[in-house]
Amino acid sequence: GVVVVKENNARRGFVLDKQDSSVTRSDSYLVQLFTKAGLKVTTSRLETDLPEGLFAVRAYALVPQTRFFA
């Protein structure tokens with residue numbers, strides 16, 4: 001199966017919003033989280049034509065990492 005995640009991206013690291021208790025993470029931060037969760041990014045696409053001043057929005061196609069044990 002494939003899991004698709006669409007998420008706002010911070011420019012780097014992460015941004016905490018104290019008003020709504022949300023966290024916006026950078027692309028590299030999200031990829032690290034996916035990897036730690038045992039998922040591999042097969043494709044990612046940046047959404048275009050968004051108004052200026054908003055976070056970038058990216059969609060990720062994720063599959064389970066394949067692991068072979070000896």
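This report walks through some strands, two loop residues and two further residues of the structure above.

The model is predicted, so to read it fairly, note that local features need pLDDT of at least 70, side-chain atom pairs count only at pLDDT 80 or more, and totals for chains, interfaces and linings use all residues. Residues are numbered from 1 along each chain as its sequence is written, and side-chain values use heavy atoms, with hydrogens and water left out.

**Strands**

Helices (H or I, at least four residues) and strands (E, at least two) are DSSP runs, numbered from the N terminus. Two strands pair if DSSP finds at least two bridges between them. Strand S1, residues 3-10, pairs with strand S5, residues 56-64, in the antiparallel sense, over seven bridges. Within this pairing, Lys6 has Ala59 of S5 as its bridge partner. S1 also runs parallel to strand S3 (residues 22-26), joined to S3 by two bridges. Here Ala10 is matched with Ser26 of S3.

**Two loop residues**

Most residues other than glycine have a negative phi. Against that background, here are two residues with a positive value. For accessibility, buried means under 20% relative accessible area, exposed over 50%, and partly exposed in between (1.4 Å probe, protein chains only).

| Residue | Phi | Loop between | Relative accessible area |
|---|---|---|---|
| Ser21 | about 60 degrees | S2 (14-17) and S3 | 64%, exposed |
| Asp49 | near 65 degrees | S4 (39-46) and S5 | 78%, exposed |

**Arg58 in strand S5**

Is Arg58, a residue of strand S5, buried or exposed? Arg58 counts as buried because its relative accessibility is 17%. Its side chain makes a polar contact with the side chain of Asp27, at 3.5 Å. A polar contact is a pair of N or O atoms within 3.5 Å; within protein, one must be able to donate a hydrogen and the other to accept it, and residues adjacent in sequence count only if both atoms are side-chain atoms.

Contact in general means heavy atoms within 4.5 Å. Leaving aside neighbours within four places in sequence, Arg58 is in contact with Val5, Lys6, Glu7, Asn9, Asp27, Ser44, Arg45 and Leu46.

**Val31 in helix H1**

Let us finish with a helix residue. Val31 belongs to helix H1, residues 27-36, and counts as partly exposed at 30% relative accessibility. Beyond its neighbours within four places in sequence, Val31 is in contact with Val41 and Tyr60. Thr48 is 17 residues from Val31 along the chain, and their C-alpha atoms are separated by 20 Å.
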